[in-house]
Every structure is written in structure tokens, then in C-alpha cells.
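Here are my comments on the structure you sent, set out as numbered points. Please read them with the structure open beside you.

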Amino acid sequence: PKLQHIANSLNLPDFLQETAWQIYLHVAKRKLTMGRSVIGFLSAALYAAIRIHKYPRLLEEITEVTQTCTRMVNRSLYIIIKEIFPLFGYKYAPVTPEMLVYRFGDELKISVSKQQKAIDQIRYLQRKGLNFYGKDPKGVAAASLYMVVRDTDEHRTQTEISAVSRVTEVTLRTRCKQMITFVKTSKGNKTRAA
């Protein structure tokens, strides 16, 4: 019932609940919950299912609903990845900015064409060599969306985008500056080469 409550609160589909339940059952069978928080493992199992199926949900959303410490869920998640994933051959798919662009774009009621432009922009920058590794994908997705809609009729403020993406306005501005600077320097290098 707890798992179902969390999943219903986040409006998650049944297949995620089934995968999370399967993971949690094996956690319980192996007695990995001994001396640890059950709710922490339930949260971690649900987040693991979300990552397996590449569903665009954030760990922060789960910890808000369950009112658990992110650190505790991360510890439980580490144990699940180490002990349970090999049993099923599951792969942990990290959150990518592209996944989050659609999610944030829908919440902000931005058109699909603008969302696709934001994704194309991220992919273009990655192809050209801009490294987003170690950067929070929420910030990259938010910055890309902001840059695409900023001078259009679908304009959204930094505050609106920050609230939906759960990043600070400072992070949003920093990612925007990083992207703009990279484009300018890569164009400058082309001009010198010519």
C-alpha cells in the first residue's frame, strides 16, 4: 500500500509500480532491509524502476512525497543497484536533459516544436564538444528551454522555468551563459581557422 500511495501521488503508470514491487520483493527476500529504513528502500525501488524505464521523474519528487532524506534513498539505491540489478540484468539509465525538456515543456505549456528546438540545441552543443557531464541535467534542460522561448510569443520568465525545473535562477543563468559562451568561442575558432 505504501508503494502504491507513493506511485499514485506522483501519478506514475502501473508498469513502474510493478517493476518497483519486483525490486522491493527481492530486497526483502535477501533481507537487505534489516536495520535500514523500509520507506527508504521503497522510495529507492520506485526511483530505480523510473530509471530502468527512462521515465522523466526526479528523485526530489519521490523524497518530497515520502518525506525521506535524499541521502537515505541514495544509500538504498546504491544497494539495489549493486545487489538486485545483476539478478535481472537491469541497466541504470541516468536522467538526461532531453528527457526533462519534454517534461518541463509540458508543465510550462510550451509547444512541442519549441521543446524539439531545445532538444536539438542540446544535441548540437554536445556534438560540437560542449561537455555536460557532471552538470545537473535539470539545469541544462531548463536553460535550453529558456533560450528557445525567451524572445518568442511563448516567453516564460526565469522564475517560472526555475520553479518547474527545481533549479535556482542562478543555475539557470549560469547554464545559459555557458551555452552562449561556447557557441561564441566555437564560431570564433572557425573564423580564425578560415
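The points below go from the chain as a whole to helix pairs and then to single residues.

1. To begin with the status of the coordinates, this is a predicted model, and every statement that follows should be read with that in mind. The chain has 11 helices and zero strands, and the elements, taken from the N terminus on, therefore run α-α-α-α-α-α-α-α-α-α-α, a helix having to be at least four residues long to be numbered. The C-alpha trace spans about 65 × 35 × 25 Å along its principal axes.

2. On burial and contacts across the chain, 46% of the 194 residues are buried. When contacts between residues at least 6 apart in sequence are considered, 71% of them join residues at least 24 apart.

3. Turning to helix packing, two packed helices are described by the angle between their axes and the distance between the axes. Helix α2, which covers residues 14-29, packs with helix α3, residues 38-52, at an angle of about 130°, and their axes are 8 Å apart. Angles over 115 degrees that do not exceed 145 fall outside the perpendicular and antiparallel ranges, and α2 and α3 are therefore oblique to each other. The crossing in which α2 passes α3 is right-handed.

4. Which residues of α2 and α3 meet? On the α2 side they are L16, T19, A20, I23, Y24 and V27, and on the α3 side they are V38, F41, L42, A45, L46, A48, A49, I50 and I52. Sorted by class, this contact of α2 with α3 has 14 nonpolar residues, one polar residue and no charged residues.

5. The pair formed by helix α8, residues 112-127, and helix α9, residues 137-149, can be described in a similar way: their axes come within 9 Å and cross at roughly 120°. The two helices α8 and α9 are therefore oblique to each other, and α8 passes α9 in a right-handed crossing. From α8 the contact draws on K114, Q115, K117, A118, Q121 and I122, while α9 contributes V140, A141, S144, L145, M147, V148 and V149. The residues of this contact of α8 with α9 divide into eight nonpolar, three polar and two charged.

6. As to aromatic side chains, the structure holds three aromatic pairs. One of them is formed by F88 and Y90, whose rings are stacked, with 5.1 Å from centre to centre and 25° between the planes. F85, F88 and Y90 form one aromatic cluster. Within that cluster, F88 has a relative accessible area of 29% and is therefore partly exposed, lying between the limits of 20% for buried and 50% for exposed.

7. Is E98 buried or exposed? This residue, found in helix α7 (residues 97-107), is buried, with a relative accessible area of 14%. Once residues up to four places away in sequence are set aside, E98 touches I119, I122, R123 and Q126.

8. S162 sits in helix α10, which covers residues 158-165, and is buried, because its relative accessible area is 6%. Residues up to four places away in sequence not being counted, S162 touches V167, T168, E169 and L172.

9. Two lysines in loops deserve a look at their backbone. K31, in the loop between α2 and α3, has a phi near 55°, a positive value in a residue other than glycine, and K31 counts as exposed at 57% relative accessibility. K109, whose place is in the loop between α7 and α8, has a positive phi of about 60° although it is not a glycine, and K109 is exposed too, with a relative accessible area of 68%.

10. Lastly, I180 is found in helix α11, residues 169-193, and is partly exposed, with a relative accessible area of 27%. Leaving aside neighbours within four places in sequence, I180 is in contact with M147 and R150. How far apart are I180 and Q126 in sequence and in space? They are 54 residues apart in sequence and 13 Å apart in space, C-alpha to C-alpha.

How values were computed. Residues are numbered from 1 along each chain as its sequence is written. This is a predicted model: local features need pLDDT of at least 70, side-chain atom pairs count only at pLDDT 80 or more; totals for chains, interfaces and linings use all residues. Side-chain values use heavy atoms; hydrogens and water are left out. Axes are lines fitted to C-alpha atoms, for helices over the stretch in contact, and angles run from 0 to 180 degrees between N-to-C directions. Angles under 35 degrees count as roughly parallel, over 145 as roughly antiparallel, 65 to 115 as roughly perpendicular and the rest as oblique. A crossing is left-handed if the near helix is turned anticlockwise from the far one by less than a right angle, and right-handed if clockwise. Contact means heavy atoms within 4.5 Å. Ala, Val, Leu, Ile, Met, Phe, Trp, Tyr, Cys and Pro count as nonpolar, Asp, Glu, Lys and Arg as charged, and the others, Gly among them, as polar. Rings of Phe, Tyr and Trp (its six-membered ring) pair if their centres lie within 6.5 Å; planes under 30 degrees apart count as stacked, over 60 as edge-to-face and the rest as tilted. Buried means under 20% relative accessible area, exposed over 50%, partly exposed in between (1.4 Å probe, protein chains only).
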